[in-house]
Amino acid sequence: MLEQGEFANFKESYPQPRVTQDALPYWEAVRNKKLLFQRCPACSGAIFPPRSICPMCDAGAKPAWEQSKGAGSIYSFSVVHRPPSAIWKSHAPYTIGLVRLDEDYFLFAEIEGKPEDMAVDKRVQVNFPDREVPLPTFRLV
Ligand SMILES: [Zn+2]
């Protein structure tokens with residue numbers, strides 16, 4: 001925590017998502033507690049993070065938005081005991097991880113629940129907690 005010098009008035013806050021033009025529909029949906037992803041109309045591949053063209057084929061087709069059911073399983077995870085920033089300190093320990101959604105794409109997010117209950121392949125469901133920063137999380141089901 002900074003207390004003096006040129007950053008004396010520095011007030012730490014939660015980092016905000018960096019919204020790109022391609023991802024704008026995704027973040028608008030998150031604010032409405034919906035999870036979107038894209039699918040390529042040519043190869044049917046699920047695309048995340050949002051892009052303007054499919055990274056898996058050469059068709060050059062514009063990806064279409066679909067609503068995700070938000071169900072998936074833990075692909076990998078890590079329990080954070082020492083947060084990277086003081087603002088997360090009261091939240092620790094917490095779990096972050098890579099979730100494989102049933103629509104076959106991955107999302108990196110916080111996974112709510114006791115750290116000792118976490119395990120690879122456990123089923124999770126998306127959640128949209130009311131927080132300062134609207135970020136989807138997952139919780140064990
Ligand atoms: Zn494609």
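A residue counts as buried if 20 or more other C-beta atoms lie within 10 Å of its own. Keep that cut-off in mind for this predicted model, where 17% of the 141 residues of the protein chain make the grade.

**View 1. The whole chain, end to end.** Let's start with the full picture. The C-alpha trace spans about 55 × 40 × 25 Å along its principal axes. Count the elements and you get one helix and eight strands. Reading from the N terminus on, they run α-β-β-β-β-β-β-β-β. As for contacts between residues at least 6 apart in sequence, 48% of them join residues at least 24 apart.

**View 2. Two domains and the place where they meet.** The domain assignment splits the chain into domain 1 (17–67) and domain 2 (69–141). Their centres, taken over C-alpha atoms, sit 21 Å apart. Across the divide, eight residues of domain 1 are in contact with ten residues of domain 2. On the domain 1 side, helix 1 (24–31) and strand 2 (46–47) are the elements that give two or more residues to this meeting place. Sort that side by class and you find six nonpolar and two charged residues, with no polar ones.

**View 3. The open sheet of three strands.** Here three strands line up in the order 2-1-3, with antiparallel pairing, to make an open sheet. Why is one side of strand 2 and of strand 3 left without a neighbour in the sheet? Both stand at the edges and each has a single partner strand, so there is nothing in the sheet on the other side. Zoom in on strand 1 (residues 36–39) and you'll see that strand 1 pairs with strand 2 in the antiparallel sense, over two bridges. Within that pair, Gln 38 stands opposite Ile 47 of strand 2.

**View 4. Lys 69, out in a loop.** Look for Lys 69 in the loop that links strand 3 (64–67) to strand 4 (71–80). Is Lys 69 buried or exposed? Lys 69 is exposed, because its C-beta neighbourhood holds just 12 other C-beta atoms within 10 Å, and a residue with 12 or fewer counts as exposed. Leu 101 is 32 residues away along the chain, yet the C-alpha atoms of Lys 69 and Leu 101 are separated by 8.4 Å.

**View 5. A hairpin made by strands 5 and 6.** Strand 5 and strand 6 form a hairpin, with four residues between them. In the turn, Asp 104 has a positive phi of about 75 degrees. The two strands run antiparallel and are joined by six bridges. One pair to pick out is Val 99, which stands opposite Leu 107 in strand 6.

**View 6. Strand 8 and its two partners.** Strand 8 (residues 137–140) pairs with strand 6 in the parallel sense, over two bridges. Follow the rungs: Ile 111 has Phe 138 of strand 8 as its bridge partner, and Glu 112 has Arg 139. Strand 7 also joins strand 8, but here the two run antiparallel, with four bridges. In this pairing Asn 127 is matched with Thr 137.

**View 7. Ala 119, in the loop between strands 6 and 7.** Next stop is Ala 119, found in the loop between strand 6 and strand 7. Which way does Ala 119 go, buried or exposed? Ala 119 counts as exposed because it has 10 C-beta neighbours inside 10 Å. Its C-alpha atom is separated by 8.7 Å from that of Tyr 75, which is 44 residues away along the chain.

**View 8. Inside the largest nonpolar core.** Nonpolar side chains tend to be buried together in soluble globular proteins. The largest nonpolar core here has 14 residues, and Ile 47, Val 99, Val 124 and Phe 138 touch the most other members. Strand 5 (94–101), strand 6 (106–112) and strand 7 (123–127) each supply at least two residues. Both domains chip in too, with at least three residues from each of domain 1 and domain 2. Now centre on Val 99: leaving aside residues up to four places away in sequence, Val 99 touches Gly 72, Ile 74, Tyr 75, Phe 106, Leu 107, Ala 109, Val 124 and Phe 138. You have met some of these before: Leu 107 is the residue Val 99 stands opposite in the hairpin, and Phe 138 is the bridge partner of Ile 111.

Technical notes
Residues numbered from 1 in each chain as written. Predicted model: local features only at pLDDT ≥ 70, side-chain atom pairs only at ≥ 80, totals over all residues. Core = buried A, V, L, I, M, F, W, Y, C linked by C-beta atoms within 7 Å. Domains from an automatic or database assignment. Contact = placed C-beta atoms within 7 Å. Nonpolar A, V, L, I, M, F, W, Y, C, P; charged D, E, K, R; others polar. Pairing = 2+ DSSP bridges.
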